Amino acid sequence: MVVRMRLARFGRTHSPFYRIVVADSRRARDGKHLEVVGTYNPIPNKRMEKDVRLNLDRCKYWLSVGAQPSDTVARLLGSGGVLPQTARRVPTPKTAVSEEEEA
């Protein structure tokens, strides 16, 4: 069983709220999970801060037993000091890719 740490979406339409969960990789995004290890609110508050709450002990435990974090969760864990901080992936624009192929 491959265990992943990923986001499960909650909240209303146009008002997302995520729980950081540990789940079997074959389960649905919002399906059954093993444990909730934190929350993430991507909508900034009045001070323009996005709220991330982590249970650091449980995050470290699940990483130690082999849970693989998703890209977004790895970035959040990096900001929380659990993992080394990773750079944000920036997709390349399609126009730049097609120009390189033509040359």
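A salt bridge is counted here where a side-chain nitrogen of Lys or Arg lies within 4 Å of a carboxyl oxygen of Asp or Glu. Asp 51 and Arg 53 fit this description, since their closest N and O atoms are 3.0 Å apart. The model in which this pair appears is a predicted one, and it is a pleasant one to walk through, starting with the overall fold.

The protein is built from 3 helices and 5 strands. Followed along the sequence, these elements come in the order β-β-β-β-α-β-α-α. The C-alpha trace extends over about 50 × 40 × 30 Å along its principal axes. The radius of gyration of the protein is 16 Å, whereas a compact globule of 103 residues would have a value near 13 Å.

Burial and contacts add to this picture. Of the 103 residues, 26% count as buried. The accessible surface amounts to about 7600 Å², and carbon and sulfur atoms account for 50% of that area. When contacts between residues at least 6 apart in sequence are considered, 31% of them join residues at least 24 apart.

Turning to charge, the protein carries 19 positive and 11 negative charges, and the mean positions of the two sets are 11 Å apart. Side chains of opposite charge can pair when their charged atoms come close. In this model, 4 salt bridges are found, and three pairs can be described individually, including the one introduced above.

In the pair of Asp 24 and Arg 26, the closest N and O atoms are 3.0 Å apart. The two partners have contrasting surroundings: Asp 24 has a relative accessible area of 12% and is therefore buried, as this lies under the 20% cut-off. Arg 26, at 67%, is over 50% and so counts as exposed.

A further salt bridge joins the side chains of Arg 47 and Glu 49, with an N to O distance of 3.8 Å. Arg 47 is exposed, its relative accessible area being 64%. Glu 49 has a value of 40% and is partly exposed, because this falls between the 20% and 50% limits.

The pair named at the outset can now be placed in the same terms. Asp 51 is partly exposed, with a relative accessibility of 32%, while its partner Arg 53 is exposed at 56%. With 3.0 Å between their closest N and O atoms, Asp 51 and Arg 53 meet the criterion because that distance is within 4 Å.

Methods: Residues are numbered from 1 along each chain as its sequence is written. This is a predicted model: local features need pLDDT of at least 70, side-chain atom pairs count only at pLDDT 80 or more; totals for chains, interfaces and linings use all residues. Side-chain values use heavy atoms; hydrogens and water are left out. Helices (H or I, at least four residues) and strands (E, at least two) are DSSP runs, numbered from the N terminus. The radius of gyration is taken over C-alpha atoms; the globule rule is 2.2 Å times the number of residues to the power 0.38. Buried means under 20% relative accessible area, exposed over 50%, partly exposed in between (1.4 Å probe, protein chains only). Contact means heavy atoms within 4.5 Å. Accessible areas come from the Shrake-Rupley method with a 1.4 Å probe; for residues, only the protein chains shown count as cover. Lys and Arg count as positive and Asp and Glu as negative; His and the chain ends are not counted. The place of a charge is taken as NZ of Lys, CZ of Arg, CG of Asp or CD of Glu.
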